[in-house]
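Biologist: Please take a close look at one loop of this model and at the residues and strands around it. I should then like the account to move outward to the rest of the structure in one connected answer.

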Amino acid sequence: MSTLKVPIGPEDHVQGGDDADCTLVEYGDYECPHCGYAYPIVKRLQRHLGKRLRFVFRNFPLSQMHPHAEAAAETADFAAAKGKFWEMHDLLFENQSRLSLALFEKLAQQLGLSSAELLEALNRKVYEARVRADFTGGVRSGVNGTPTFFINGQRHNGPFEYEDLLAAIESAGG
Amino acid sequence: MAAILTPGTLAPEFSLSVTPDQKLALRELRGNPVILAFYPADWSPVCGDQMALYNEVLPEFQKFHAELLGISVDGVWCHEAFAQNRKLRFPLLSDFEPKGAVARAYKAYREEDGICERALFVVDKDGVITWSYCSPIAVNPGADGILDALERLPKQE
């Protein structure tokens with residue numbers, strides 16, 4: 001049984017409170033079509049469960065296969081430093097089919113962030129180590145592809161349709 | 001599932017084609033740990049493909065000076081096309097002729113299907129297997145077991 005090896009910490013991107021009944025962690029890649037598929041499913045779970053669910057997103061870019069995945073992850077972390085992680089996270093998944101540097105700049109502007117500053121952060125790889133730390137922690141926790149979900153620290157194996165995840169969350173006490 | 005070779009066993013020696021005109025022998029890698037990843041076939045259709053994952057995890061393996069070798073019964077030209085398509089940065093070896101001979105030596109061959117098991121071995125710098133794991137054929141075993149095994153090896157200088 002694979003378990004989450006890196007506990008939720010201050011570095012994490014979290015929606016929901018510590019007092020939630022259930023914590024759902026996703027290791028995802030902004031360019032992975034399966035993660036794109038899971039994106040509205042997670043939103044629906046959050047709407048349905050409300051405060052009972054805490055959601056954490058961690059980066060797992062398969063960058064050799066997905067040429068924009070690493071830059072997308074770093075773009076989201078750039079936005080996080082400005083308090084706009086979830087806004088950027090949502091925009092990246094909603095525009096998954098047309099990820100590009102030009103799009104990242106546009107999305108930054110859309111969120112009122114400086115695209116020049118974003119480009120510099122990407123060029124200087126300011127957020128690379130942070131993305132890599134997510135990735136490495138995922139590997140050590142048994143993440144073998146994307147998306148991989150952990151429910152209260154236990155890896156969720158098998159399908160991730162809404163019903164599957166909801167049932168797993170409910171049986172975990174959520 | 002096959003009962004694959006277990007820790008403590010001397011890793012069977014082999015020399016397999018790594019490109020159309022180049023062979024690689026296990027003994028050439030003595031002195032550093034080696035990860036042998038037997039897998040059923042190139043061109044697995046999924047995103048979270050095992051070899052694609054290892055390609056990303058390569059820097060973690062390199063921290064232990066470990067060399068990763070992928071091994072299947074696919075031919076060299078097939079491996080070459082697959083490696084190019086997936087941008088793989090580690091060698092794929094062809095256990096092609098006699099088919100599956102190396103996988104058999106590691107007891108990681110599926111006679112009924114004519115392919116390798118999804119079997120992992122960590123071999124230490126002296127050529128001894130220190131960890132092995134055979135995954136159900138359809139399940140990507142990930143890299144956590146390999147990294148745990150590498151971490152347990154005595155520190156090298």
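Modeller: A:P147 is found in the loop of chain A between α6 (128-140) and β4 (148-151). The model is a predicted one, and in it the peptide bond that joins A:T146 to A:P147 is cis, with omega of about -5°. The partner of this loop in space is remote in sequence: A:G28 and A:P147 are 119 residues apart along the chain, yet their C-alpha atoms are 4.9 Å apart. Both residues of the cis bond, A:T146 and A:P147, are in contact with A:G28, as are A:C35, A:F57 and A:F60, when neighbours within four places in sequence are left aside. A:G28 counts as buried because 29 other C-beta atoms lie within 10 Å, where 20 or more suffice.

A:G28 belongs to strand β2 of chain A, which spans residues 22-28, and the strand leads to the next layer of the picture. Seven bridges join β2(A) to β3(A), and the two run parallel. Between them in the unit comes helix α1 (residues 33-49) of chain A: β2(A), this helix and β3(A) make a right-handed β-α-β unit. Strand β3 of chain A, residues 53-59, has six of its seven residues buried, so it is largely enclosed by the rest of the structure. It is also joined to strand β1 (residues 13-15) of chain A, by three bridges, in an antiparallel arrangement. A:V56 in β3(A) has a residue opposite it in each of these pairings: A:V14 stands opposite A:V56, and A:V25 also stands opposite A:V56.

Returning to the far end of the loop's strand, one meets another backbone feature. A:N152 lies in the loop between β4 and β5 (154-156) of chain A. Although A:N152 is not a glycine, its phi is positive, at about 45°. With 18 C-beta neighbours inside 10 Å, A:N152 counts as partly exposed, whereas A:G28 is buried.

Elsewhere in chain A, a helix shows how burial is arranged on its surface. In helix α4 (residues 101-110) of chain A, the residues A:F104, A:L107 and A:A108 are buried. Seen down the helix axis, the buried residues of α4(A) fall within an arc of 105°, so they line one face. They pack against α2, α3 (85-94) and α5 (115-123) of chain A. On the other side of α4(A), A:A102, A:Q109 and A:Q110 are exposed. Just after this helix, A:G112 takes a positive phi of about 75°.

Chain B offers a counterpart to the cis bond. Here a cis peptide bond joins B:E97 and B:P98, with omega of about -10°, and B:P98 is found in the loop between β5 and α3 (101-105) of chain B. Strand β5 (residues 92-94) of chain B is joined to β4(B) by three bridges, and the two run parallel; across this pairing B:I71 stands opposite B:L93. The strands β4(B) and β5(B), with helix α2 (residues 76-86) of chain B, make a right-handed β-α-β unit. On another pairing of β4(B), five bridges join it to strand β3 (residues 34-38) of chain B, again running parallel, and B:L68 is the bridge partner of B:I35. Five of the six residues of β4(B), residues 67-72, are buried, so this strand is largely enclosed by the rest of the structure.

B:I71 is also among the residues touched by B:F38, which include B:A103, B:Y106 and B:C116. The largest nonpolar core has 90 residues, of which B:A37, B:F38 and B:C116 touch the most other members. Helix α2 (residues 69-81) of chain A gives the most to this core, with seven residues.

The contact between the chains takes 17 residues from chain B and 15 residues from chain A. On the side of chain B that touches chain A, α1(B) gives the most, with six residues. By class, that side has eight nonpolar, four polar and five charged residues.

Conventions: Residues are numbered from 1 along each chain as its sequence is written. Chains are lettered from A and ligands numbered from 1 in the order in which they are written. This is a predicted model: local features need pLDDT of at least 70, side-chain atom pairs count only at pLDDT 80 or more; totals for chains, interfaces and linings use all residues. Helices (H or I, at least four residues) and strands (E, at least two) are DSSP runs, numbered from the N terminus. A residue is buried if 20 or more other C-beta atoms lie within 10 Å of its own, exposed if 12 or fewer, and partly exposed in between; C-beta atoms are placed from the backbone. Two residues are in contact if their C-beta atoms, placed from the backbone, lie within 7 Å. Ala, Val, Leu, Ile, Met, Phe, Trp, Tyr, Cys and Pro count as nonpolar, Asp, Glu, Lys and Arg as charged, and the others, Gly among them, as polar. A nonpolar core is a set of buried Ala, Val, Leu, Ile, Met, Phe, Trp, Tyr and Cys residues joined through C-beta atoms within 7 Å. Two strands pair if DSSP finds at least two bridges between them. A crossover is right-handed if, with the strands pointing away from the viewer, the path from the first strand over the helix to the second runs clockwise. The arc is that of the directions from the helix axis to the C-beta atoms.
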